[in-house]
Amino acid sequence: MCGIVGMIHAESVMTALVPALRRLEYRGYDSAGIALLDQNQLTRHRVLGVLDQLTGDMPKDWDAKTGMGHTRWATHGEPSVRNAHPHFSHRVAIVHNGIVDNFQTLKTDLLNKGYAFASDTDTEVIAHLIDLHMTQGHDPVSAFSVAIQQLEGNFAIACMISHWQDALLVARRGTPPLLVGKGPMGYSIASDALGLVDVSDHLAYLEGDSWAIVTQDSAKVYDFSGERKPLNWQKQMLHHQSCNQGDYAHFMRKEMDEQPDVIARLLSQPTPTLAQLYPDLNHVSLLGCGTSFYAAWIGKYVLEQRYGVTLELASEFSYRHAIMSPGVTLALSQSGETADTLKAVAYAKNQGQKLISLVNAPYSSLARCSDHVLDMQAGPEIGVASTKAFTAQLWLLFALAGITPDRAQHLPQSMRQALQLAPDIRRWATALADESNMLYLGRGVSYPVALEGALKMKELSYIHAEGLAAGELKHGSLALVDQTIPIIFLAPHDAIFDKTLGNIHEIIARKGRLHVITDQAGAEKMPAVGLTQCLILPDAPDPIFNPFIQTMALQLLAYYTALERGCSIDKPRNLAKSVTVE
Ligand code: M6R
């Protein structure tokens with residue numbers, strides 16, 4: 001999704017602005033731009049495509065101490081230079097994340113008042129609206145505060161105004177995050193804490209429905225009724241090194257390798273159990289989107305040994321008006337900023353639910369509205385495909401369910417051994433790279449693992465991959481099985497292995513292209529003929545941890561298949577890391 005950065009520093013912001021924008025590249029974007037305010041003049045430079053083009057074409061002699069930048073992920077209007085931010089209206093420059101729901105009404109009114117539009121975006125109405133209020137006699141601050149109250153929807157915006165003072169006016173309504181940072185050079189703003197790395201040693205999140213005047217040495221915050229609000233400063237915990245790719249070809253590959261250490265770190269620290277937090281609890285609702293949803297689904301298998309559990313896709317949940325069983329909602333989100341999840345959580349809280357969030361961003365919007373926050377401590381996850389956050393979420397769910405770290409003591413080691421199967425898995429990937437379709441099958445808890453594996457394959461390699469419950473084959477999908485479609489079958493030697501074996505025979509009988517992922521005990525019982533490939537995973541310390549080990553293999557398979565196909569691994573097409581619009 002879009003990214004915003006802005007700075008007012010004691011020296012030229014040029015050397016800091018573009019690196020800050022680069023740190024937001026991972027969120028996904030199609031165009032980018034910066035605007036500078038220097039000696040009462042606004043200048044801007046915008047490009048379609050990547051930031052390298054922006055820096056390549058940019059005048060080198062800009063010396064402004066106030067500036068802002070934006071990476072755009074198109075919603076209103078195609079990706080193009082004319083739709084890239086910042087947008088201008090006379091003295092006003094605007095960058096914007098989110099959507100102005102009532103932009104069409106505002107645009108019609110502005111057109112009637114003589115404003116000409118240079119883009120197809122909803123954003124441009126904000127710039128013209130502020131300009132309109134200034135022409136009607138408002139000073140810049142009042143024009144800004146009146147304009148933002150006319151906007152409907154969820155948004156974060158930053159604004160510079162020429163022939164006034166060196167300041168950034170910023171506002172946030174609803175879900176899109178916006179932070180203020182302070183450091184030795186001055187104040188900065190960003191839509192993501194990573195944008196403030198290296199320029200801020202302290203940062204503070206703007207609450208929803210608030211706005212601020214940010215100068216080189218202060219940030220004054222107000223709510224929408226004009227009342228002054230404090231900022232809750234936190235120490236900046238992210239550093240340059242934590243956002244570094246090191247010797248890896250891709251962030252994703254590095255983040256996969258980090259997983260055993262992430263789990264080891266979590267195992268070494270106490271995580272409260274649900275029974276400790278809520279001794280009388282009977283029911284748990286699980287919410288998340290995408291990979292976080294599949295983590296929740298796997299967690300359901302352990303939580304439902306003790307509690308009634310409801311699993312909900314956050315993007316579908318809020319609009320069903322479901323009556324929730326009284327209890328605790330566990331909301332899973334790597335970013336803590338996923339708009340669908342935040343919306344679902346607001347609904348759950350309205351229903352009187354206690355909220356525990358599992359996040360990788362402990363100051364995120366989700367964390368800040370939770371009763372308890374469990375921090376994944378996975379470090380920044382830059383690759384759009386979620387990897388280490390997924391396995392960290394799994395452990396936190398297991399711990400909440402009461403699984404003790406001593407049972408998982410050898411888990412990091414087993415995960416490391418699974419990652420060492422990379423050369424074997426790469427051979428599979430080479431053979432599968434030209435496929436158009438794949439099936440991922442699993443039974444029991446291996447079913448949501450298969451779903452997650454299929455999602456990884458889809459988003460990274462653009463191959464259509466469908467996850468199925470193996471037991472459901474004969475209820476329809478068996479019709480797909482022939483000698484052409486590759487089937488990735490998760491078949492651990494667990495309590496339902498015999499059932500799994502039955503499904504494997506169903507496929508063999510139809511000459512299916514079976515790629516089985518199993519363990520030593522499973523391999524020993526596999527049919528002697530009929531398997532195209534068989535990968536033997538290291539044993540998990542306990543079968544309950546099979547999803548962690550299987551996931552290593554499925555992540556590697558998606559990664560190497562995408563690599564073979566020449567796909568953009570860390571930034572798959574059309575996707576964004578942090579999905580801050582519904
Ligand atoms: O930040 P979140 O965990 O809330 O993100 C949810 C999904 O958008 C995310 O997991 C997505 O499915 C991943 N790109 C999948 O790898």
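**Three buried residues and a ligand site**

User: Which residues does Ser370 touch, not counting residues up to four places away in sequence?

Analyst: In this predicted model, Ser370 sits in the loop between helix H12 (365-368) and strand E20 (372-375). Leaving aside residues up to four places away in sequence, the residues that Ser370 touches are Leu355 and Ser357.

User: Is Ser370 buried or exposed?

Analyst: A polar atom of the Ser370 side chain lies 2.6 Å from the backbone oxygen of Leu366. The relative accessibility of Ser370 is 15%, and because the cut-off for this class is under 20%, Ser370 counts as buried.

User: How far from the backbone oxygen of Leu557 is a polar atom of the side chain of Thr561?

Analyst: Thr561 belongs to helix H19 (residues 546-564) and, with a relative accessible area of 0%, is buried. Beyond residues up to four places away in sequence, Thr561 touches Ala429, Ala433, Met457, Ser461 and Ile463. Between a polar atom of its side chain and the backbone oxygen of Leu557, the distance is 2.5 Å.

User: How far apart in space, C-alpha to C-alpha, are Leu42 and His90?

Analyst: Leu42 lies in strand E3 (residues 41-48) and counts as buried because its relative accessibility is 16%. Among the residues that Leu42 touches, not counting those up to four places away in sequence, are Phe88, His90, Arg91, Val92 and Met160. Leu42 and His90 are 48 residues apart in sequence, while their C-alpha to C-alpha distance in space is 9.3 Å.

User: What percentage of the area that the ligand exposes when taken alone does the protein bury?

Analyst: Two side chains place polar atoms beside oxygen atoms of the ligand, that of Thr338 at 2.4 Å and that of Glu459 at 2.3 Å. A polar backbone atom of Val384 is 3.0 Å from a nitrogen atom of the ligand. Taken alone, the ligand exposes 410 Å², and the share of this area that the protein buries is 91%.

User: Which elements give two or more residues to the shell around the ligand?

Analyst: The ligand takes up the space of the second largest pocket. Two or more residues of the shell come from each of these elements, helix H9 (290-303) and helix H16 (446-461).

User: Which of the 15 residues around the ligand come nearest?

Analyst: Thr338 and Glu459 have already appeared through side-chain polar atoms that lie 2.4 Å and 2.3 Å from oxygen atoms of the ligand. Of the 15 residues around the ligand, those that come nearest are Ser292, Ser333, Ser335, Thr338 and Glu459.

Notes
Residues numbered from 1 in each chain as written. Predicted model: local features only at pLDDT ≥ 70, side-chain atom pairs only at ≥ 80, totals over all residues. Heavy atoms only, no water. Helix = DSSP H or I, 4+ residues; strand = E, 2+ residues; numbered from the N terminus. Buried < 20%, exposed > 50% of the residue type's maximum accessible area, 1.4 Å probe, protein only. Contact = heavy atoms within 4.5 Å. Near = heavy atom within 4 Å. Polar contact = N/O pair within 3.5 Å; in protein donor to acceptor, adjacent residues only side chain to side chain. Areas by Shrake-Rupley, 256 points an atom, 1.4 Å probe, with all protein chains shown as cover. 1 Å grid on protein atoms, 1.4 Å probe; cavity = no way out; pocket = protein on both sides within 12 Å on 5 of 7 lines; lining within 4 Å. Sits in = over half its atoms within 2 Å of the grid points.
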